[in-house]
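Subject: Structure handover

Hi,

Here is the structure I promised to pass on. Please open it next to this email; my notes follow.

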Amino acid sequence: MKEIKLFALLLVIALTTPSCAQFNWKKVVDDAKETTEGVLGSGSSGKLTNQEVISGLKEALEVGTGNSSSQASKVDGFFKNTAIKLPFPPDAIKVKNTVEDLGMKKQVDEFVLTINRAAEEAAKDAKPIFVSAIKGMSIQDGFEILKGADNAATVYLDNKTHAQLKETFRPKVANAIQKVNVTKYWNPIITKYNAVTTLTGGDKINPDLEDYITERAIQGLFTLIAEEEKKIRQDPLARVSDVLKKVFGSLDKE
């Protein structure tokens with residue numbers, strides 16, 4: 001049990017070492033050995049347990065996903081973030097090119113704005129879904145995340161929540177499409193395009209905007225969560241609870 005606790009302590013140290021720093025595993029091991037009895041101990045008052053380490057990780061992830069959800073759901077959370085901004089639907093790129101050539105660039109730009117507004121509206125319902133998945137995390141899940149790649153927590157949350165996010169987001173997106181008048185800007189574009197293709201013998205296109213916005217909104221959230229996870233692993237920003245402060249406070253000594 002002592003070895004498991006020591007391993008957990010090493011992982012916490014590793015996950016909070018800035019990527020740009022030189023990481024000296026020998027020093028970490030020596031320091032951890034010196035502090036193991038005082039920090040992890042045998043369960044007496046003030047001593048850290050494996051369960052507390054995992055609880056701290058859960059709290060840090062709750063903050064990370066909360067930050068991501070809040071960032072995505074604010075006005076321009078998608079539209080002005082180039083990492084997650086929804087572009088014109090790729091499977092309808094012919095539509096974009098054709099109508100822009102016909103002088104409808106303004107309408108295309110307005111449409112792109114409205115689909116991003118729909119994604120921002122949908123993201124408001126994401127946080128409780130993430131919190132539920134995090135609360136269900138087992139000790140084994142937690143240590144696999146701690147030992148995993150830089151995006152291990154993001155992958156875990158994607159696997160646990162993607163289906164539920166899609167189920168929750170789809171009707172939300174449908175309502176948002178009406179709220180921000182997506183179809184008001186889409187219909188003239190697709191009508192014009194289909195009129196042209198009818199004359200030229202091309203195929204009409206009308207993508208499923210609900211599905212497109214839903215999936216891209218989810219992808220955007222996980223992009224932001226991956227960024228938050230990187231902070232959790234590298235920065236003292238992860239000290240968001242008494243448990244984490246206790247862990248890091250014990251390890252700050254040189």
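A helix here is a DSSP run of H or I with at least four residues, numbered from the N terminus. By that numbering, Asn181 sits in the loop between helix 8 and helix 9. Please note that the model is predicted.

**Overall**

The chain has 11 helices and zero strands. Read from the N terminus, the elements run α-α-α-α-α-α-α-α-α-α-α. The chain has 254 residues, and 44% of them count as buried. Take the contacts with a separation of 6 or more: 81% of them are between residues 24 or more positions apart.

**Two loop residues**

Back to Asn181. Its phi is positive, about 60°, although Asn181 is not a glycine. Asn181 follows helix 8. Is Asn181 buried or partly exposed? Its relative accessibility is 36%, so Asn181 counts as partly exposed, the class between 20% and 50%.

Asp76 is another non-glycine residue with a positive phi, in this case about 70°. Asp76 belongs to the loop between helix 3 and helix 4.

**Helix 8**

Helix 8 covers residues 152-179. At Thr161 helix 8 bends by about 55°. Its buried residues include Ala152, Ala153, Thr154, Tyr156 and Leu157. Further along helix 8, Thr161, Leu165, Phe169 and Val173 are buried. So are Ala174, Ala176 and Ile177. A general point helps when reading such a list: an α-helix has 3.6 residues a turn, so residues three or four places apart point the same way.

Two residues of helix 8 deserve a look.

- Thr154 lies in helix 8. Its relative accessibility is 8%, so Thr154 counts as buried, the cut-off being under 20%. Beyond its neighbours within four places in sequence, Thr154 is in contact with Phe222, Ile225, Ala226 and Glu229.
- Leu157 is also found in helix 8. At 0% relative accessibility, Leu157 is buried. Setting aside residues up to four places away in sequence, Leu157 touches Thr65, Phe130, Ala133, Ile134, His162, Phe222 and Ile225. Leu157 and Met137 are 20 residues apart in sequence, and their C-alpha atoms are 9.8 Å apart in space.

Phe222 and Ile225 appear among the contacts of Thr154 and among those of Leu157.

**Helix 5 against helix 8**

Two packed helices are described by the angle between their axes and the distance between the axes. Helix 5 spans residues 105-122, and its axis comes within 8 Å of the axis of helix 8. The axes cross at roughly 135°. How are the two helices placed to each other? They are oblique, because roughly antiparallel would need an angle over 145 degrees. The crossing of helix 5 past helix 8 is right-handed. Helix 5 makes the contact with Ala118, Glu121 and Ala122. Helix 8 brings Phe169, Lys172, Val173, Ala176, Ile177 and Lys179. Of these, Phe169, Val173, Ala176 and Ile177 are on the list of buried residues in helix 8.

**Aromatic pairs**

How many aromatic pairs are there? The count comes to four. One of the pairs is Phe88 with Trp186. Their ring centres are 5.9 Å apart, and the planes make an angle of 45°, which is tilted. This pair links distant parts of the chain, 98 residues apart. Phe88 is in the loop between helix 3 (50-73) and helix 4 (93-101). Trp186 is in helix 9 (residues 182-200). Phe88 is buried at 5% relative accessibility. Trp186 is buried as well, with a relative accessible area of 3%.

Another pair is Phe130 with Phe222. Their ring centres are 5.7 Å apart. The planes stand at 75°, so this pair is edge-to-face, the cut-off being over 60. Phe130 lies in helix 6 (residues 127-135) and Phe222 in helix 10 (residues 209-234). The pair therefore ties together parts that are 92 residues apart in sequence. Phe130 has a relative accessible area of 0% and is buried. Phe222 is buried too, with 8%. Both rings belong to residues that Leu157 touches.

Finally, Phe88, Phe111 and Trp186 form one aromatic cluster.

Best wishes

Terms used: Residues numbered from 1 in each chain as written. Predicted model: local features only at pLDDT ≥ 70, side-chain atom pairs only at ≥ 80, totals over all residues. Heavy atoms only, no water. Phe/Tyr/Trp six-rings, centres within 6.5 Å; stacked < 30°, edge-to-face > 60°. Buried < 20%, exposed > 50% of the residue type's maximum accessible area, 1.4 Å probe, protein only. Contact = heavy atoms within 4.5 Å. Bend = angle between axes of the 7 residues up to and from the residue. Axes fitted to C-alpha atoms, helices over the stretch in contact; angles between N-to-C directions. Parallel < 35°, antiparallel > 145°, perpendicular 65-115°, else oblique. Left-handed = near helix turned anticlockwise from the far one by under 90°.
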